[in-house]
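Ready for a few exercises on what sits inside a protein model? Have a go at each task before you read its solution.

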Amino acid sequence: MRELLERRALVSGVGISKTGRRLGRSGLELALDAAMTAIADAGLTVEDIDGIATMGEAPPDDVKNSLGARLAWMAPFGGQGAGGHLRYVVQAIMAVATGLCRHVLVYRSVSMLSGEFRDGATGDAAWHIPFHEYSAASMVAMHARRHMHDYGTTREQLGAIAVTSRRHAALNEQAALREPITLDEYLSARWIAEPFGLLDCDIPIDGAVALIVSAADHEPDCPNVPVRFEALACGTHGKMSWDQRVEFTSMGQDDSARQLWSRTDLKPADVDVVEIYDGFTYLALNWLENLGFCKRGEGGPFVEGGIRISLGGELPMNTYGGQLSAGRLHGYWLLYEAILQLQGRAGARQVDGAEVAIAAAGGGPNTGCLLLTR
Amino acid sequence: MNEREEPRVLPEITDLNRDFWTSGRDGELRILRCKACRVWCHPPRPMCPECHGRDLSYETTSGKGTIYSYVINHHPWRPGLREPYVISLVELDDQRHLRLTTNIVGCRPEAVFIGMRVAVRFVAQGDFFVPLFIPDDGLRPA
Ligand SMILES: [Zn+2]
């Protein structure tokens with residue numbers, strides 16, 4: 001196999017800030033908390049950091065200036081697009097693989113307990129907002145409804161994802177919602193955008209996650225188990241649109257998954273644990289199908305009852321509680337958890353002997369994923 | 001939804017999108033189309049993604065289609081809207097996969113289903129004629 005750029009990089013350290021509802025701290029403070037933890041976790045000091053890549057919200061200029069870091073490179077900043085939330089990890093890998101940087105700080109911070117309301121009819125939103133479609137909840141529910149029509153997927157099956165996530169959150173002290181829920185509670189929660197009810201939607205929080213992407217030859221100096229990038233996916237073949245993709249229900253996740261598996265000899269059966277974007281239940285179900293853990297259209301039966309995707313099951317999913325229960329850090333808490341699992345540092349949530357993990361994030365056209373190994 | 005609801009948030013009009021948003025006074029839905037290969041291109045772009053032709057112009061569609069998917073929105077994202085209301089993805093008869101995000105009006109939300117036949121009906125707002133869809137009991141055009 002050709003030499004892959006992602007094999008020239010690894011994760012040397014990770015950090016997470018305090019997380020929760022209305023912490024009363026700025027996103028910059030939270031980002032710095034996570035960054036300083038990650039830098040120390042990697043056995044480094046700020047002087048070693050020579051690149052920053054971030055989705056925000058704390059602007060990279062502010063983080064750089066606060067750290068007093070001397071950088072060789074900063075990633076272009078803003079938005080999702082192809083590669084989704086994890087595109088900033090891909091950029092960090094590229095910066096390291098080309099030799100431009102040696103240790104890139106990647107972070108995500110969230111400090112606004114904002115709703116989903118988007119008020120500008122610009123860009124792709126110009127084709128949604130005029131029809132009172134203000135929320136990703138509706139745009140994702142549109143896909144879920146069609147999936148139900150095409151394959152017979154049920155609310156009960158989507159509910160298994162929400163119930164399982166909450167059960168896992170009980171094992172995570174940092175999770176925002178830790179009280180168990182039943183399938184009946186899921187089914188009777190108020191409607192948001194039918195077929196989605198409240199418990200199909202994730203929980204907004206404040207918090208930050210950081211990781212250090214280092215050159216692979218830093219490995220002997222890593223104080224913790226280094227986590228390798230076996231394969232990455234950031235491509236897009238279908239249209240960059242929420243409503244014009246020919247393969248509508250699969251979203252951009254099919255392009256991401258195809259690219260991921262084309263860059264490795266590993267197979268879905270080799271994966272020990274999956275940490276998957278669950279901003280809405282359907283996104284996680286759809287990732288399972290697209291990534292090949294079951295056939296197209298069989299995601300519903302695959303997750304039904306929740307046993308298979310629970311800790312101790314065949315394919316533990318969202319062991320930290322997911323965005324549905326732990327809280328929304330836009331793909332970065334799931335990445336943090338995947339790294340902890342491979343390092344054997346997940347505590348009560350540890351999947352025994354986890355050696356291969358997937359971190360997958362995003363929906364609509366904005367999707368990307370990583371195959372990680374220890 | 002009726003006339004008393006909050007105004008829709010509408011985009012800035014450009015040369016590229018003008019006919020889509022403002023030409024519905026006569027009840028016809030117009031969409032950009034490639035003169036060379038005859039593909040309908042939506043949302044409008046200055047180049048045809050099929051043949052890379054640069055000669056595109058607005059043409060009149062059938063104004064009819066089928067509900068591809070839909071959502072019944074219950075959450076009050078903004079004050080002044082009349083929930084529940086239906087947001088739908090309508091596939092037009094004119095071309096496979098040619099879809100519009102829109103609202104279904106003129107029937108109860110519970111009456112909407114995937115596969116339902118619908119026809120365009122415009123609502124005016126300032127210079128805009130916004131294409132919504134109503135149930136259509138007419139026959140599918142030949
Ligand atoms: Zn053409």
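Below are three exercises on this predicted model, each with a worked solution.

**Exercise 1: the nonpolar cores**

Task: Find out which residues touch the most other members of the largest nonpolar core, and which helix gives the most to this core.

Solution:
- Start with the core itself, which has 114 residues. Those that touch the most other members are A:Val106, A:Leu288, A:Leu291, A:Tyr332, A:Leu335 and A:Ile358.
- Next, look for the helix. H11 of chain A, residues 332-343, gives the most, with nine residues.
- Now zoom in on A:Val106. Skipping neighbours within four places in sequence, its contacts include A:Ala53, A:Tyr88, A:Val89, A:Ala92 and A:Tyr332. A:Val209, A:Ala210, A:Leu211 and A:Val213 are in contact with A:Val106 too.
- Then turn to chain B: B:Leu10, B:Ile72, B:Leu98 and B:Phe129 are among the 38 residues of a second, separate core.
- As background, nonpolar side chains in soluble globular proteins tend to be buried together.

**Exercise 2: the cavity**

Task: Work out how many cavities of 30 Å³ or more there are, and which residues line the largest cavity.

Solution:
- Count first: there is one cavity of 30 Å³ or more. The largest cavity has a volume of about 50 Å³.
- List the lining. From chain A come A:His128, A:Glu133, A:Met139, A:Met142, A:His143, A:Trp242, A:Asp243 and A:Phe248, and from chain B come B:Leu89 and B:Thr101.
- Sort the lining by class: five residues are nonpolar, three polar and two charged.
- Finally, check the helices. H4 of chain A (residues 136-151) supplies the largest share of the lining, three residues.

**Exercise 3: a covered strand**

Task: Take strand E11 of chain A, residues 366-373. How many of its residues are buried, and which strands are joined to E11(A) by bridges?

Solution:
- Check burial using the cut-off of under 20% relative accessible area: eight of the eight residues in E11(A) are buried.
- Split the strand by direction. A:Asn366, A:Gly368, A:Leu370 and A:Leu372 point one way, while A:Thr367, A:Cys369, A:Leu371 and A:Thr373 point the other way. That fits a general pattern: side chains in a regular strand alternate between the two faces of the sheet.
- Look for partners. E8 of chain A (residues 227-233) runs antiparallel to E11(A) and is joined to it by five bridges, with A:Arg228 opposite A:Thr373.
- E10 of chain A (residues 356-363) is also antiparallel to E11(A), with eight bridges; here A:Ile358 has A:Leu371 as its bridge partner.
- Finish at the turn: E10(A) and E11(A) make a hairpin with two residues between them, and A:Gly364 in that turn has a positive phi of about 60°.

Definitions and conventions. Residues numbered from 1 in each chain as written. Chains lettered and ligands numbered in written order. Predicted model: local features only at pLDDT ≥ 70, side-chain atom pairs only at ≥ 80, totals over all residues. Heavy atoms only, no water. Core = buried A, V, L, I, M, F, W, Y, C linked by side-chain atoms within 4.5 Å. Buried < 20%, exposed > 50% of the residue type's maximum accessible area, 1.4 Å probe, protein only. Helix = DSSP H or I, 4+ residues; strand = E, 2+ residues; numbered from the N terminus. Contact = heavy atoms within 4.5 Å. 1 Å grid on protein atoms, 1.4 Å probe; cavity = no way out; pocket = protein on both sides within 12 Å on 5 of 7 lines; lining within 4 Å. Points joined across faces, edges and corners; volume = space filled by probe spheres on them. Nonpolar A, V, L, I, M, F, W, Y, C, P; charged D, E, K, R; others polar. Pairing = 2+ DSSP bridges.
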